[in-house]
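Welcome, and thanks for taking a look at this one with us. Below is a short briefing to read alongside the sequence and the 3D view.

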Amino acid sequence: MSELIGFNVRVYAFCINDNKILALHERYAGTQICKLPGGGLEFGEGTIECLHREFEEELNLKIEILDHHYTQEDFIESRIKDNKQILNIYYTVKILNIEDLNVQIRD
């Protein structure tokens with residue numbers, strides 16, 4: 001392991017509606033990935049503020065935080081950002097303007 005020089009805090013959300021979980025499919029660093037909505041915490045930002053910002057930026061959606069679901073307890077070194085430790089935090093949220101969500105359902 002190389003010398004770590006910082007942290008990358010990631011905040012994600014489970015959005016469950018009609019027994020379906022919202023997941024995003026996108027290309028990142030040349031690889032197709034599937035991920036929960038959310039993203040990286042910016043300096044000076046709280047985790048809940050981060051989730052609100054990410055949902056507006058990525059999906060143009062407003063959310064209500066329902067519950068803190070899980071905070072990662074184990075060490076994970078980033079595979080994307082050199083010399084960074086990842087810390088993942090998960091919430092459960094409700095989408096307030098669900099009618100504005102444009103989805104493609106994949107089975």
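Does Asp18 count as buried or exposed? At 63% relative accessibility, Asp18 counts as exposed, because exposed means over 50%. Please keep in mind that this is a predicted model. The protein chain holds one helix and eight strands, and the notes below move from the whole chain to a pocket and then to single residues.

**The chain as a whole**

- Reading from the N terminus, the elements of the protein chain come in the order β-β-β-β-β-α-β-β-β.
- The C-alpha trace spans about 45 × 30 × 20 Å along its principal axes.
- The protein chain has 107 residues, and buried residues make up 32% of them.
- If you take the contacts between residues at least 6 apart in sequence, 60% join residues at least 24 apart.
- About 7,600 Å² of the protein chain is exposed, and carbon and sulfur atoms supply 48% of that area.
- On the charge side, there are 11 positive and 19 negative charges in the protein chain, and the mean positions of the two sets are 5 Å apart.

**The second largest pocket**

- This pocket has a volume of about 650 Å³.
- Its lining comprises 24 residues, and those closest to the centre are Arg10, Tyr12, Tyr28, Ile80 and Ile86.
- Which elements give two or more residues to the lining of the second largest pocket? They are strand E1 (6-17), strand E3 (24-28), strand E4 (31-35), strand E5 (38-40), helix H1 (47-59), strand E7 (76-77) and strand E8 (84-95).

**Strand E8: Leu87 and Asn88**

- Both Leu87 and Asn88 can be found in strand E8.
- Asn88 counts as buried because its relative accessibility is 12%, and buried means under 20%.
- Leu87 has a relative accessible area of 28%, so this residue is partly exposed.
- Leaving aside neighbours within four places in sequence, Asn88 is in contact with Arg10, Tyr12, Tyr70, Thr71, Gln72 and Ile76.
- With neighbours within four places in sequence again set aside, Leu87 is in contact with Asn8, Val9, Arg10, Thr71 and Gln72.
- Arg10 therefore appears in the contacts of Asn88 as well as in those of Leu87, and Arg10 is also listed among the residues closest to the centre of the second largest pocket.
- Leu87 and Val11 lie 76 residues apart in sequence, and their C-alpha atoms are 8.5 Å apart in space.

**Strand E6: Tyr70**

- Tyr70 is a residue of strand E6, and it counts as partly exposed at 37% relative accessibility.
- Outside its neighbours within four places in sequence, Tyr70 is in contact with Asn88, Ile89 and Tyr90.
- The C-alpha atoms of Tyr70 and Ile16 are separated by 16 Å, with their positions 54 residues apart along the chain.

**Loop residues with positive phi**

- Most residues other than glycine have a negative phi, so the next two are worth a look in the viewer.
- Asp18, the exposed residue from the opening question, sits in the loop between E1 and strand E2 (20-21).
- The phi of Asp18 is near 50°, a positive value in a residue other than glycine.
- Asn60 belongs to the loop between H1 and strand E6 (63-71), and its phi is near 55°, also a positive value in a residue other than glycine.
- Asn60 counts as exposed because its relative accessibility is 60%.

**Two further loop positions**

- Is Leu22, in the loop between E2 and E3, buried or exposed? Leu22 is buried, with a relative accessible area of 12%.
- Leu22 and Pro37 are 15 residues apart along the chain, and their C-alpha atoms are separated by 7.5 Å.
- Asp82 is placed in the loop between E7 and E8, and this residue is exposed, with a relative accessible area of 64%.
- Asp82 and Glu26 are 56 residues apart along the chain, and 21 Å separates their C-alpha atoms.

Technical notes:
Residues are numbered from 1 along each chain as its sequence is written. This is a predicted model: local features need pLDDT of at least 70, side-chain atom pairs count only at pLDDT 80 or more; totals for chains, interfaces and linings use all residues. Side-chain values use heavy atoms; hydrogens and water are left out. Helices (H or I, at least four residues) and strands (E, at least two) are DSSP runs, numbered from the N terminus. Buried means under 20% relative accessible area, exposed over 50%, partly exposed in between (1.4 Å probe, protein chains only). Contact means heavy atoms within 4.5 Å. Accessible areas come from the Shrake-Rupley method with a 1.4 Å probe; for residues, only the protein chains shown count as cover. Lys and Arg count as positive and Asp and Glu as negative; His and the chain ends are not counted. The place of a charge is taken as NZ of Lys, CZ of Arg, CG of Asp or CD of Glu. On a 1 Å grid over the protein atoms alone, a cavity is a set of points where a 1.4 Å probe fits but cannot get out, and a pocket is an open set with protein on both sides within 12 Å along at least five of seven lines; lining residues have an atom within 4 Å of a point. Grid points are joined across faces, edges and corners, and a volume is the space filled by probe spheres set on the points.
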